Amino acid sequence: MPVSTPDLAALAQSIKDFGRELGFAHVGIAGVDLGEHEQHLQRWLDAGYQGEMDYLATHGSKRSHPDQLIPGTLRVVSLRMDYLPGDTQMAQRLAQPEKAYVSRYALGRDYHKLVRKRVQHLADRIQEVIGPFGYRAFVDSAPVLEKAIAEQAGLGWIGKNTLLLNRKAGSYFFLAELFVDLPLPVDEAHTSEHCGRCQACLDICPTQAFVGPYVLDARRCISYLTIELKGAIPVELRAMIGNRVFGCDDCQIVCPWNRFASHTREDDFMPRHGLENSELAEMFLWDERTFLRKTEGGPLRRAGYERWLRNLAVGLGNAPTTIPVLEALKARRDDPSALVREHVEWALGRHGAL
């Protein structure tokens, strides 16, 4: 039974109320026209900035046209959930080169399952009100321009560091989408940006991955290098990575808007297994069974054991020359992986210990 026009506004408000009850900090509704974002994506791809992330160039125009990706889609409900797990001493850890720095979104359980389950609960709540309707839930799991959609839904603006920024919440949050076949009233798009003359995020980037404001060359981005890149990390970038072994938060740490970031209320996003304060040398000695146990249900699994060791070897190459660092590296000099061995030799060379 179709929802009457007067009821659509009430339904939209109910959806936002349901979303907040389910732990989402902000809920907005967007149409399916993403405007200039399609051209921006194509220019970025044409420049080759995606590196090995070939999946970003697949699906043609479906990525920027939700109604083509899921036929019948009329609106997209955009949601954000805060993930910052309290005071995890980000700047302090980056200043301790013997410690392993893990991006703060990855310290707890994998967000995909938790957030997607909440989006599904939201769909269930809507069905309880109006009966069956067409929908699909996405959490970083399909060709969706989630930041463009969020901007259209009024959740914030895309900042110079290419992340979605919110004046009241900064950028430490996950995004999710619910595609629906309901002609809900849309929220006012966030058409103005509030970065002003600030370019702290561009200046702080350890590898100078920003070509300019709003344009990131992923091939130089530490998050790409430590998570997405399958082969060897370019030698010329290794020293710049420092102790960052999974992702990078630098452009968020310096963003003035993150003074207003809220700490998460989700226990699943809290640090596990001491990942927020671990020694590089200690982690480098984990065997694969230990790695799998300590990363079970967490984002670090995405890198896999071999690339995890590769990343740690780079971190150890940038660490102070100490007996634990040298012993850890030498213990893996004959590692079965040629990728790991090459990075170990580079690290030992940095310490003059070849």
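**Figure 1. Cysteines in the predicted model.** The count of disulfides comes to zero. Cys-201 takes part in no disulfide, and its nearest cysteine sulfur, that of Cys-251, is 6.3 Å away. Because a disulfide requires two cysteine sulfur atoms within 2.5 Å, the 6.3 Å between the sulfurs of Cys-201 and Cys-251 does not qualify. Cys-255 is likewise in no disulfide; for this residue the nearest cysteine sulfur belongs to Cys-195, at 6.6 Å. Cys-201 is buried, at a relative accessible area of 10%. Cys-255 also counts as buried, with 10% relative accessibility. The model shown here and in the other views is predicted.

**Figure 2. Strand β2 and its two antiparallel partners.** Strand β2 spans residues 75–82 and is mostly covered, with seven of its eight residues buried. Strand β1, residues 26–30, runs antiparallel to β2 and is joined to it by five bridges. Within this pairing, Val-27 stands opposite Leu-79 of β2. Strand β7, residues 173–180, also pairs with β2 in the antiparallel sense, over eight bridges. Here Met-81 has Phe-174 of β7 as its bridge partner. In a regular strand, side chains alternate between the two faces of the sheet.

**Figure 3. Surroundings of Asp-140.** In an unreviewed entry, UniProt places the feature "active site" at Asp-140. The residue lies in the loop between β4 (135–138) and α6 (146–152). Asp-140 has a relative accessible area of 41% and is partly exposed. This class applies because the value falls between the 20% limit for buried and the 50% limit for exposed. Apart from neighbours within four places in sequence, Asp-140 is in contact with Tyr-111, His-112 and Glu-146. With Tyr-111 there is a polar contact, side chain to side chain, at 2.7 Å.

**Figure 4. The annotated positions Lys-230 and Arg-289.** Both residues are covered by the UniProt annotation "binding site", taken from an unreviewed entry. Lys-230 is in the loop between α8 (222–228) and α9 (235–241), whereas Arg-289 is found in helix α12, residues 288–294. Lys-230 counts as exposed, at 57% relative accessibility. Arg-289 counts as exposed too, at 70%. Once neighbours within four places in sequence are left aside, the contacts of Lys-230 are Glu-52, Arg-307, Arg-310 and Leu-339.

Conventions. Residues numbered from 1 in each chain as written. Predicted model: local features only at pLDDT ≥ 70, side-chain atom pairs only at ≥ 80, totals over all residues. Heavy atoms only, no water. Buried < 20%, exposed > 50% of the residue type's maximum accessible area, 1.4 Å probe, protein only. Helix = DSSP H or I, 4+ residues; strand = E, 2+ residues; numbered from the N terminus. Pairing = 2+ DSSP bridges. UniProt positions renumbered as here; feature names shortened; annotations may be inferred. Contact = heavy atoms within 4.5 Å. Polar contact = N/O pair within 3.5 Å; in protein donor to acceptor, adjacent residues only side chain to side chain.
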